[in-house]
Amino acid sequence: MRAIGIILAGGNSNRMKELTKKRATSALPIACGYRSIDFALSSMSNSHINKVAVFTQYNSKSLTQHLNSSKWWDFGRKQGGLFVFTPTQTHDNNYWYRGTADAIAQNIDFLKTSHEPYVIIASGDCVYKMDMNKLLEYHIEKNADITIVTKDLGEVDDPSRFGVVSVDSSGLITEFEEKPIVTSKTLVSTGIYVIRRRQLIEMIERAGAEGGFDLVKDIFIRYKGLKKIYAYQMDSYWSNITTVDSYFQTNMDFLNRETRQYFFDEYPQVASKIEDLPPAKYNVGSQVRNSLIASGCIINGEVTDSILFKEVYVGNNCTIRNSIILNDVYIGDNTYIENCIVESHDTISANSNYVGTPDDIKIILEKNERYVL
């Protein structure tokens with residue numbers, strides 16, 4: 001592959017509320033057995049990008065643990081590899097990453113010591129599969145300075161979550177506005193970019209010298225009239241999980257058979273770190289309908305239209321509907337949960353009742369002693 005990869009995974013989304021109080025957005029669990037960052041890593045690995053850097057910062061402990069071995073994504077080769085960078089205090093700099101461009105600037109040696117001519121930059125908080133070889137071929141064919149992967153959402157979502165773009169008939173980007181308050185545009189940036197390595201180094205260093213720290217605002221938008229910036233439109237599944245509602249809906253999308261087949265069955269598949277857990281156990285009297293149940297779960301009650309992550313225990317006479325139960329949760333007997341997300345390592349007392357609405361998903365945090373005298 002003629003490109004190296006950079007995954008920006010250091011950010012925090014206040015819109016995720018309690019879900020990112022102890023983990024980075026890129027470490028959020030997805031579809032029973034994955035983390036958000038797995039989708040970007042797998043797309044790069046499957047495209048034979050064998051040298052990838054992940055820039056972490058906020059609440060990076062669980063993300064770093066997840067990335068402790070490159071073998072799961074097949075980066076453990078004699079050449080290339082998976083590199084995890086965190087902010088480091090040096091003689092010349094003691095700043096945390098002040099933005100996406102600054103994160104690259106503080107690790108500019110990774111670019112300078114590489115030899116591949118191109119860089120593919122992606123965000124760690126999106127769910128998708130992508131052949132990055134086709135993206136690079138498009139970039140070269142267009143003789144583009146920068147290529148931005150775009151997705152037409154079909155309807156106006158919350159525009160303040162995305163960069164919105166307009167393109168001409170050739171695919172050249174004519175307008176680019178980052179996270180506007182109001183817009184009628186539906187074509188958005190997916191946070192995936194292609195640029196020549198030497199050109200990126202030059203732009204990063206110039207932006208840093210002028211006090212610019214954001215990759216989009218201080219580089220891409222600034223150079224819009226000076227550089228040829230093209231849009232590469234993605235026509236397959238893509239979702240950004242930076243709000244509670246989008247995170248919930250993305251997981252629920254996996255209850256759709258077509259979505260499951262696309263990610264689980266169709267080549268290339270998505271890779272993730274594997275834990276050695278027993279298969280889920282369904283005890284006598286349990287009922288499970290249209291749900292995903294991960295390894296290590298024990299089910300005694302009723303589960304409908306829900307996703308249960310690893311090592312969840314569901315007690316007797318429990319009812320779980322349209323909900324997400326994260327890893328290692330114990331749910332006491334006679335509990336009712338609907339339209340909720342239960343945080344990981346939680347203990348839900350017996351006879352509890354938690355009900356949200358489809359428009360207002362409730363996040364449950366109930367820390368109780370699991371074993372008491």
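The following legends describe close-up views of salt bridges in a predicted model.

**View A. Salt bridges across the whole structure.** A search of the entire model identifies 9 salt bridges. The views below present several of these contacts, including one that belongs to a network.

**View B. The salt bridge between Arg 98 and Asp 102.** The side chains of these two residues meet with a distance of 3.2 Å from N to O. Asp 102 is buried, at 4% relative accessibility. Arg 98, by contrast, is partly exposed, and its relative accessible area is 37%.

**View C. The salt bridge between Glu 275 and Lys 310.** The closest N and O atoms of this pair lie 3.5 Å apart. The contact links distant parts of the chain, as the two residues are 35 residues apart. Glu 275 is located in the loop between helix H9 (257-265) and strand S14 (281-282). Lys 310 occupies the loop between strand S19 (307-308) and strand S20 (313-314). With a relative accessible area of 15%, Lys 310 is buried, whereas Glu 275 is partly exposed at 46%.

**View D. The salt bridge between Arg 289 and Glu 302.** Here the side chains meet at 3.4 Å, N to O. This pair also joins distant parts of the chain, 13 residues apart: Arg 289 belongs to strand S15 (residues 287-289) and Glu 302 to strand S18 (residues 302-304). Arg 289 is partly exposed, with 41% relative accessibility. Glu 302 has a relative accessible area of 18% and is therefore buried, the limit being under 20%.

**View E. A network of salt bridges.** Arg 289 and Glu 302 are linked with Arg 321 in a network of salt bridges.

Definitions and conventions. Residues are numbered from 1 along each chain as its sequence is written. This is a predicted model: local features need pLDDT of at least 70, side-chain atom pairs count only at pLDDT 80 or more; totals for chains, interfaces and linings use all residues. Side-chain values use heavy atoms; hydrogens and water are left out. A salt bridge is a side-chain nitrogen of Lys or Arg within 4 Å of a carboxyl oxygen of Asp or Glu. Buried means under 20% relative accessible area, exposed over 50%, partly exposed in between (1.4 Å probe, protein chains only). Helices (H or I, at least four residues) and strands (E, at least two) are DSSP runs, numbered from the N terminus.
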